[in-house]
Amino acid sequence: MGTMTQTSESQHRPRSLSGIQATSDSLHLGNYIGALQQFVEQQETHDAFFFIANMHAITVEQDPVELRERTLRTAAQFIASGLDPEKSTIFIQSHVPQTTQLGWVLECTASLGEAQRMTQFKDKAAKNEHISLGLLTYPALMAADILLYQANVVPVGEDQRQHLELTRNLAGRFNQRYGQTFTVPEPGILKQTAKIYDLQDPGAKMSKSAANPAGRIDVLDEPKALTKKFKSAVTDNDTVIAYDPETKPGVSNLLTIYSSFSGEPIESIVAQFEGKMYGHLKVALAELAVESLTPVRERTHELLDDPAELERILHAGADRAEAIARRTIEDVYARVGFLSR
Ligand code: ATP
Ligand code: MG
C-alpha cells in the first residue's frame, strides 16, 4: 500500500466518489447491484473514492458497538465485492474532519425549505419517533462529502437522485456567489439497476431499514436463507414470465436481478424461460445468486478475521482523502471570509 501512488494517469481520469451507510450487518442486493457494482467498474476508468458513511448513519439512532462493527463489515464487503485498495481510495467518512467543516458552510448555503422538501427526510421522519436535526440537514453533509473531493460523477441508486440535484444546486449557488470553487457533479444512475425492489413488496425499494427482512436479500445471507427468500418472492397474478415493471413489478424485479448476476440482457432471459413457471425462474435465480455471492461472503469473513489489515487500508485511504479535502476547505474558508489562523 505504501507503494500505492495516485498515478498521474489516475489523476487525469474523471473522479468518481460515493458512499454507503454503515447501518446494517450486511449490504443488500439494492446496494450491491445499484451502487457497489458501479463502484467496481468505475475504479478501472475513474479516479475512485468510496467511503463508509458512519456519520450519515447516526441521523437515526445507532448502538455504538454495532456501528463500529458495521463500519468494518461494510468496508470488508466493499473489498470482497471487488474494490481494490490499490485502485480505489477506501475510507471512513468520520476520518476526514473537513467533511463537517464543509458541511456547516453548505448548511448555511442551503435553505430550510429545500431540506424539508427532500422525500427521504419525509419518509424517514415518518418512520422514526425521534427526528434528529441531523436527519433534516443530512443532505448538506452529503453535498460536502461530494464537493470536498471535486467529484465529477457520483454512482448511486435512484433514491439518491434528489439529494444529488440539491448538491448540484448548492455547488452552483456557492460558485456564483464566491467564484468558481466546486466541480458540479453528475449523477451516475443506471437506468435498469437504479432501483431494486423489495421481494415481498415490489412497490417499495429494497432497504436496510425495511420492516420485513423477508423481502431483502443480503449479500452475506447463507445459501439456504437466500434461496428461501427468492422462492417466496411475491410475483404477479398471471403466470407469464415477461418484463413489464408497470404491470408485473414482482417478476420484472427478479429478471433485473437475474440479468445483473448473469450479465445477459433481459430479453434473452425471458426467451430462456418462455413457457416456464415462476417457480423455475425463482430456483434458477436463487442458484445464480448463491453462486455469485458465495465468494463475496467467504472473502468478507476472511477479511473480518484480520481487522488490523482492514484498518491499515482504511487509514491509508483516509490519508489520501484528507489530502484533497484539506485543499478544498482552505479555499472555501478563504472565499467565505474566514481569517486564517
Ligand atoms: P437506509 O434504508 O438505511 O437508508 P439503504 O438501503 O438506502 O439504507 P444506503 O446506505 O442509504 O442504503 O445507500 C447506499 C447506496 O445504495 C446508495 O447509492 C443508494 O442509492 C443505493 N441503494 C439503496 N437501496 C437501493 C435499491 N433498492 N436499489 C438500488 N440502489 C439502492
Ligand atoms: Mg438510504
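Helix pairs whose angle falls under 35 degrees count as roughly parallel, those over 145 as roughly antiparallel, those from 65 to 115 as roughly perpendicular, and the rest as oblique. In this predicted model, helices α5 (residues 98-107) and α8 (residues 133-147) pack at an angle of about 125°, so α5 and α8 end up oblique to each other. Their axes sit 8 Å apart, and the crossing is right-handed. On the α5 side, the contact is built from T99, T100, L102, G103, L106 and E107. Helix α8 answers with T137, A140, L141, A143, A144, D145 and L147. Sorted by class, the residues of this α5 and α8 contact come out as 7 nonpolar, 4 polar and 2 charged.

A couple of individual residues round out this part of the chain. Q98 belongs to helix α5 and is buried, its relative accessible area being 5%. Leaving aside residues up to four places away in sequence, Q98 touches L148, E322, A325, R326 and I329. Q150, for its part, sits in the loop between α8 and β4 (153-155). The backbone of Q150 has a positive phi of about 55°, even though Q150 is not a glycine. With a relative accessible area of 21%, Q150 is partly exposed; the cut-off for buried is under 20%, so Q150 does not make it into that class.

Next come the helix pairs that involve α13 (residues 278-304). Helix α10 (residues 223-231) packs on α13 at an angle of about 150°, with 9 Å between the axes. That angle makes α10 roughly antiparallel to α13, since the cut-off for that class is over 145 degrees. The crossing of α10 and α13 is right-handed. From α10, the residues taking part are P223, L226, T227, F230 and K231; they meet K282, V283, L285, A286, A289, V290, L293 and R297 of α13. This contact of α10 with α13 splits into 9 nonpolar, 1 polar and 3 charged residues.

Helix α4 (residues 64-80) also packs against α13, here at an angle of about 130° and with the axes 8 Å apart. That makes α4 oblique to α13, and the crossing of α4 and α13 is right-handed. L72, R73, A76, Q77, I79 and A80 supply the α4 side of the contact, while V296, R299, T300, H301, L303 and L304 supply the α13 side. By class, the contact of α4 with α13 holds 7 nonpolar, 3 polar and 2 charged residues.

Two further residues are worth a look in this region. T294 is placed in helix α13 and counts as buried, at 18% relative accessibility. T294 and P223 are 71 residues apart along the chain, yet their C-alpha atoms are separated by 7.8 Å. K229 is found in helix α10, and despite being a lysine it is buried, with a relative accessible area of 14%. Not counting residues up to four places away in sequence, K229 touches L199, P213, A214, R216, I217, D218 and D221.

As for nonpolar cores, in soluble globular proteins nonpolar side chains tend to be buried together. The largest nonpolar core here has 56 residues, and L29, Y32, F78, F230 and I257 are the ones that touch the most other members. Helix α13 provides the largest share of this core, with 10 residues. F230 turns up in the α10 contact with α13 as well. Y32 touches Q37, S81, V219, F261, L293 and V296, again without residues up to four places away in sequence. Of these partners, L293 is part of the contact with α10, and V296 is part of the contact with α4. There is also a second, separate core of 41 residues, with A115, L136, Y149 and V156 among its members.

Finally, P265 lies in the loop between α11 (249-262) and α12 (266-272). P265 is partly exposed, with a relative accessible area of 47%. From P265 to D244 the C-alpha distance is 14 Å, and the two are 21 residues apart in sequence.

Methods. Residues numbered from 1 in each chain as written. Chains lettered and ligands numbered in written order. Predicted model: local features only at pLDDT ≥ 70, side-chain atom pairs only at ≥ 80, totals over all residues. Heavy atoms only, no water. Axes fitted to C-alpha atoms, helices over the stretch in contact; angles between N-to-C directions. Helix = DSSP H or I, 4+ residues; strand = E, 2+ residues; numbered from the N terminus. Left-handed = near helix turned anticlockwise from the far one by under 90°. Contact = heavy atoms within 4.5 Å. Nonpolar A, V, L, I, M, F, W, Y, C, P; charged D, E, K, R; others polar. Core = buried A, V, L, I, M, F, W, Y, C linked by side-chain atoms within 4.5 Å. Buried < 20%, exposed > 50% of the residue type's maximum accessible area, 1.4 Å probe, protein only.
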